[in-house]
Amino acid sequence: MKREKVQSLNGEIHIPGDKSISHRSVMFGALANGKTTVKNFLPGADCLSTIECFKKMGVHIERSGSDVTIHGKGISALQEPESLLDVGNSGTTIRLMLGILAGRPFYSAVAGDESIAKRPMKRVTDPLKKMGAHIDGRAGGEFTPLSVNGGDLTGINYVSPVASAQIKSAVLLAGLQAEGTTTVTEPHKSRDHTERMLSAFGIELSEDNTSVSIKGGQSLTAQDIFVPGDISSAAFFLAAGAIIPNSRIVLKNVGLNPTRTGIIDVLQKMGAKLHITESSGDSAEPYGDLTIETSELNALEIGGDIIPRLIDEIPIIALLATQAEGTTIIKDAAELKVKETNRIDTVVSELRKLGANIEATDDGMKIYGKQTLKGGATVSSHGDHRIGMMLGIASCLTQESIEILQTEAIHVSYPTFFDHLNKLAAKA
Ligand code: S3P
């Protein structure tokens, strides 16, 4: 796709539903008793993979655009799938679903695309095996395809070496089906959508600092869910509004869960003109409207416990940093290496092609600002949705046009991304 510089970005957009919350709404609706309705579900490829997997386990699910209805019959009604559970590109689908499958007394085979085949699964399969599940895969259960024979689990006390909501959620979902209590402790708190939504479905959990405990044998009751806009998708337009001249963008109904708002903290610390109006709803997840305007930005050091609160936003933060005065250092973010691509490598290589002065480090990157992005190059998403969108925003700034390859990857989390960008743009 060929993209050109824009003069400004102005207007209002409704950010599509949150990916993490959309996945969980289908999974928990499938485990619950009764009819769960979901409004503003994200119809991105990842969340559609979750729907297909649960349909294969006999769950009746209807979808009309961003409205989804799940007719749950309880966790014990899940059936052995007759064919492979295909998770596509979705790490959240595979890791959370493994936690569910670990407790089901049937056989299943799970795989996804080329990117999923490279992503580490032992971080989830190891604790699930300790609980009693039989899971196999390439390299001793590290890589897909995986086979699972579940059932007869016993609760464990699991101390996770990384802050990861996917690990935490998988172990809690297995814990829900285990004998006794299961506790997960993380080095820093990761996103807590699982805890919030399980509570809304009637499950009792206890939390203590970065530990969460769940008692086995509880059942879920169907709910009506509203999914707020995805702050990880909004982040692209927050960054765009701040760095593109003469811009003002209003983003409606964006999720403001404090375990996800690291990008807001970063923008504010960099000096961005950002205004937040929180909505007063009784949803399990806070949300509100965000207004961003063109801003003068300063560099920042980003590391420690803010990292899990903005891990998916680091590609767009790197672009933001190219437009900030000074050197931005991102550290403690080695997890970037095991995302949809190695995001340290893909961010650095693609931004360099546009003329950015950026270096990879062992656990992050260094970005030297403020720089003019010259463009005139061919770049690629490398099949990673967030790299594709970061490059889409970068193209708004480059002096010469750029060619972006593999933009279809963006369908994973934001199918209408370029429609929204085009709507806001005034051409140069
Ligand atoms: C997610 C958790 C994060 C995040 C991913 C979605 C989730 O992964 O990067 O996009 O929905 O639980 P980790 O748990 O591996 O950090």
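Here a colleague and a modeller talk through how to read a few features of this predicted model.

Colleague: Let's start with the nonpolar residues. What is the general idea about where they go?

Modeller: In soluble globular proteins, nonpolar side chains tend to be buried together. In this model, the largest nonpolar core has 75 residues. F237, L251, M365 and F417 have the most contacts inside it.

Colleague: Which helix gives the most to this core?

Modeller: That's α8, covering residues 231-243, with 10 residues. Another core lies apart from it, made of 61 residues, including A178, V184, F201 and V227.

Colleague: Can we zoom in on one residue? What is L251 in contact with, leaving aside its neighbours within four places in sequence?

Modeller: L251 touches I13, I15, A234, F237, L238, G288, D289 and L290.

Colleague: Now helix α12. Why is it described as largely enclosed by the rest of the structure?

Modeller: Buried means under 20% relative accessible area. For α12, residues 385-394, 10 of the 10 residues are buried, so the helix is largely enclosed by the rest of the structure. Among them are H385, R386 and M389.

Colleague: And which residue caps the N-terminal end of α12?

Modeller: D384 does, with a side-chain oxygen 3.1 Å from the backbone nitrogen of R386.

Colleague: Last one: is Q323 buried or exposed?

Modeller: Its relative accessibility is 11%, so Q323 counts as buried. You'll find Q323 in the loop between α10 and β20. A polar atom of the Q323 side chain lies 3.1 Å from the backbone oxygen of Q371. Beyond its neighbours within four places in sequence, the contacts of Q323 include I243, L297 and L397.

Technical notes: Residues numbered from 1 in each chain as written. Predicted model: local features only at pLDDT ≥ 70, side-chain atom pairs only at ≥ 80, totals over all residues. Heavy atoms only, no water. Buried < 20%, exposed > 50% of the residue type's maximum accessible area, 1.4 Å probe, protein only. Helix = DSSP H or I, 4+ residues; strand = E, 2+ residues; numbered from the N terminus. Polar contact = N/O pair within 3.5 Å; in protein donor to acceptor, adjacent residues only side chain to side chain. Core = buried A, V, L, I, M, F, W, Y, C linked by side-chain atoms within 4.5 Å. Contact = heavy atoms within 4.5 Å.
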